[in-house]
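User: I'd like a close look at one part of this model, the strands of chain B and how they pair. Once that's clear, walk me outward to whatever else is worth a look.

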Amino acid sequence: MINTLTDKKTSNYYYYLLAGLFLFSISILDVVLYSFFKINLTNFLPDILSLFLPLIIGFVGLHLIRIEYSGIKSIDLINKNINTNNFNAFLTLLIIFAIVKATPPSLSWMIFDANISGDSKEACTGTGACWTYVKVWFRRFMYGMYPNDLHWRINTAFILVIGLGFFGFFLKDNLKKYLALYYVIIYPIIAFLVIYYLISGGSFGLVWVETGAWGGLSLTFIVSFFCLIFCFPLGMILALGRRSNLPMIRYISVGYIEFWRGVPLITVLFMSSVMFPMFLPEDFFMDKLVRVIIAITLFEGAYCAEAIRGGLQSLPRGQYDAAKSLGMGYWKMHIFVILPQALKLVIPGICNTFLALVKDTPLIFVVGLAEIAGMLALAKTNPKWLGFAMEGYIFAAIIFWIICYAMSKYSYNLENKYKTER
Amino acid sequence: MNNKIKRYIPQILTLLFVIGVIGFFTLNAQVNMDNRGIDFGFGFLKQESSFDVQFSLIEYSGSHSYARAYLVGLLNTLLVSFISIIFCTILGVIIGVSRLSSNFLIRNSAAWYVEFFRNIPLLLQIFFWYYAALRALPLPEKAAPWFGVTYMTIKGYYIPSFIWNNLDIFLYSILAVIICILFISTYAKKLRETSGKQIPLFFISIGLLIVLPALSFLIGGVSLDFEIPVLKKLSQTSYTYEGGIGLPPELIALVLALSLYTSTFVAECVRAGIQGVSKGQKEAAASVGLTPNQILKLVIMPQALRIIIPPTTNQYLNLTKNSSLAAAIAYPDLVLVFAGTALMQTGKAIEIVSITMLTYLSISLAIAALMNWYNKKIEIKEK
């Protein structure tokens, strides 16, 4: 009996396909009905059997429709992609069932049973998530303790900085040669001034807001932005130093890079908050945020140097030789020939470094700067809003996920683009 | 002459600059410490620490020294790194291989797993597990047993502990097995090279691994008891488990987050490694007449491992460094115990932060040195 069932060399494979499809769809239907509508088609069977029945039925169904070529497009597609052998069919069923089973509870928690109306804890009556909590705390998560009526300053500063970043694309062709100069030197200075005068205030009739009040996601961006623009020149110098043929410079660069790459960021932050003040002159006070930015820049500079070194190494030797044969000196060769080519190759690497930097920035929470992780911890322990840690962390995770995913896709695309150009 | 000067001047200037910066900092530190009446020195390591650590692998209490506290922290760091490395390797290999599966669903689930866990900051993941997910677990008195003898509660995971009698004999038997297997594998290799005969090395090894330790139980007087955790009432409303081993929730959250996060990177390494072996190798091996198993074992894996191992070690190193995030959820690791509590008590900022950094640095450098040696060893020797 079994032999005739599994022997598909007969010409009437059509019946097998029909039976297989029927069994497969029954098994899926059973799971869907049970997990979405709590209807159990097989409740007349003993519990343990009714649990495994869809798996068995689906497995038999997939086994029956597995055929080399049927001529029916959708079945061939199934066979080719999810049903190549018994083991694959089994895993396919497990994954389908897991997805189907997980969908209703997560959907109902996140959407159908969730609350978003109201502005206090009492509004959350459903069994699902309490998005009211996120809604009420939204401004705090974004801007920290920054005064509510001054949030426009942070927004304006960000828009300005981003706008200036795109400025380079609109330059005329005869000005394009100054692009590198603009991005490496002029842009950081302008961005610094914009952020300093707009967000800090203190002049031009703007109220002074001390850095202790900065926080939330905007602080994450400020810290990672400054660290990126400062660590880039540092990394460039270190990368050139590491490839220098002067032994003393090389040893110092290698020592620096290996030191910072060997220690965790959290100890660097501890260093910036407890050890660094000891190293400064007595009456010299430095803001905590500035210290943290310096520490992260020193740390990230080492990673940046390694990324740039990768670009320098991937240039063919001929480029160096050609530049030298034209009588160029070390600096002339690097500024006009090597770096313009190498830096283009390095952009994806820098992008990944920046991605790592953004993901590391929440750590500044451990030295008491209230960026988004810090604000979440604050909101979570607020007596009026106890018990909503889950919503807060999921919200932050979604935001970070979107940012990091977009950046990683962007850097991946860049990598592919430059791969084909060379 | 001119050339020589050109070479030396930049080097001397750089050196002077570095020495100048270090000198400036040292001078400031000297002045600052004099002003605050702190003296520099490592004598505090021998003093009594007088703080308690809630989870430690070695015996520790407030009457022990700061050096002992350092050791407690270091061991806790190594423990959490070790457990996470094991889990992230298992997960990473499974996900990495799944990403190359011919099955559309498996391939895409693995890809989404990687994209999902890689793009959320590790700190948030740790917080999520610790503050959100593990807080939803039942109280000790309401916990239902897992596998009959282990209890997952809000206060931690309670598992039975082993009580060995004559543990040393058992360890000797394991040692004997290892020596036997090494000896037999050398012999098998020799036999294969001289006469072409194959002996089933794998099954012999498994057999030895079962037989000798079993003999140590039967004859050597080794015996094994379990101490099962038992619910105990502390007061009217508070319960706990006595006996067995209690793994604190901090450890569980940390291991979960670290292994899920790092497994995505390990998976990418594994995928890159397997993809790095050219298809021609597989086809060539098949055309020589090797079986699929032999192809995997003798042709694909040795080449793939050469690509996989260096970046994976790097990920292990990152994991060990990332385990310092433990401080954020108060798991007593090196950073929390030493750079946190001990620093607060002694105020020896420079000494303690330097010791902590140097510890991590030496772990990193040791592994990097090992890796360089390994890379040199497995390098394909080309002309």
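Analyst: Let's start with the sheet. This is a predicted model, and in its chain B 4 strands make up an open sheet, ordered S1-S2-S3-S8, with antiparallel pairing. At the edges sit strand S1 (145-146) and strand S8 (245-247) of chain B, each of which pairs on one side only. If you want to zoom in on one of the pairings, take strand S3 (residues 156-159) of chain B: S3(B) and S8(B) are joined by 3 bridges, again in the antiparallel sense. There, Ile159(B) stands opposite Ile245(B) of S8(B). As a general reminder, the strands of a sheet pair through backbone hydrogen bonds, either parallel or antiparallel.

Two other pairings in chain B deserve a look. Strand S4 (residues 161-165) pairs with S5(B) over 5 bridges, antiparallel once more, and Ser161(B) has Glu227(B) in S5(B) as its bridge partner. Strand S5 (residues 223-227) of chain B is hardly covered: of its 5 residues, the buried count is 0. Then there's the hairpin made by S6(B) and S7(B), with 5 residues between the two strands. Strand S6 (residues 230-233) and strand S7 (residues 239-242) of chain B run antiparallel and are joined by 4 bridges. In that hairpin, Val230(B) faces Glu242(B) of S7(B).

On to the helices of chain B. Helix H5 (residues 167-195) of chain B has 29 residues and spans 42 Å from first C-alpha to last, close to the 42 Å expected at 1.5 Å a residue. Just after H5(B) comes Gly196(B), with a positive phi of about 80 degrees. Another positive phi turns up at Ala330(B), near 65 degrees, and this residue isn't a glycine. For context, most residues other than glycine have a negative phi. Ala330(B) sits in the loop between helix H9 (292-322) and helix H10 (334-346) of chain B. Ala330(B) counts as partly exposed because 13 other C-beta atoms lie within 10 Å, while the exposed class stops at 12 or fewer.

Now for how the chains meet. Chain A puts 42 residues into the contact and chain B puts in 48 residues. On the chain A side, the elements giving two or more residues include helix H4 (73-82), helix H5 (86-112) and helix H16 (389-421) of chain A. H16(A) supplies the largest share of that side, 10 residues. Sorted by class, the side of chain A that touches chain B has 32 nonpolar, 7 polar and 3 charged residues.

What about the nonpolar cores? The largest has 147 residues, and the members touching the most others are Leu269(A), Ile126(B) and Leu254(B). Leaving out residues up to four places away in sequence, Leu269(A) touches Val292(A), Ala295(A), Leu363(A), Ile364(A), Val366(A) and Val367(A). A second, separate core has 11 residues, among them Phe24(A), Leu62(A), Ile78(A) and Ala89(A). In general, nonpolar side chains in soluble globular proteins tend to be buried together.

Last, the layout of chain A. The domain assignment splits out domain 1 (2-108) and domain 2 (132-146 + 209-421). The C-alpha centres of domain 1 and domain 2 of chain A are 49 Å apart.

Methods
Residues numbered from 1 in each chain as written. Chains lettered and ligands numbered in written order. Predicted model: local features only at pLDDT ≥ 70, side-chain atom pairs only at ≥ 80, totals over all residues. Contact = placed C-beta atoms within 7 Å. Nonpolar A, V, L, I, M, F, W, Y, C, P; charged D, E, K, R; others polar. Buried ≥ 20, exposed ≤ 12 C-beta atoms within 10 Å, placed from the backbone. Expected span 1.5 Å × (residues − 1). Domains from an automatic or database assignment. Pairing = 2+ DSSP bridges. Core = buried A, V, L, I, M, F, W, Y, C linked by C-beta atoms within 7 Å.
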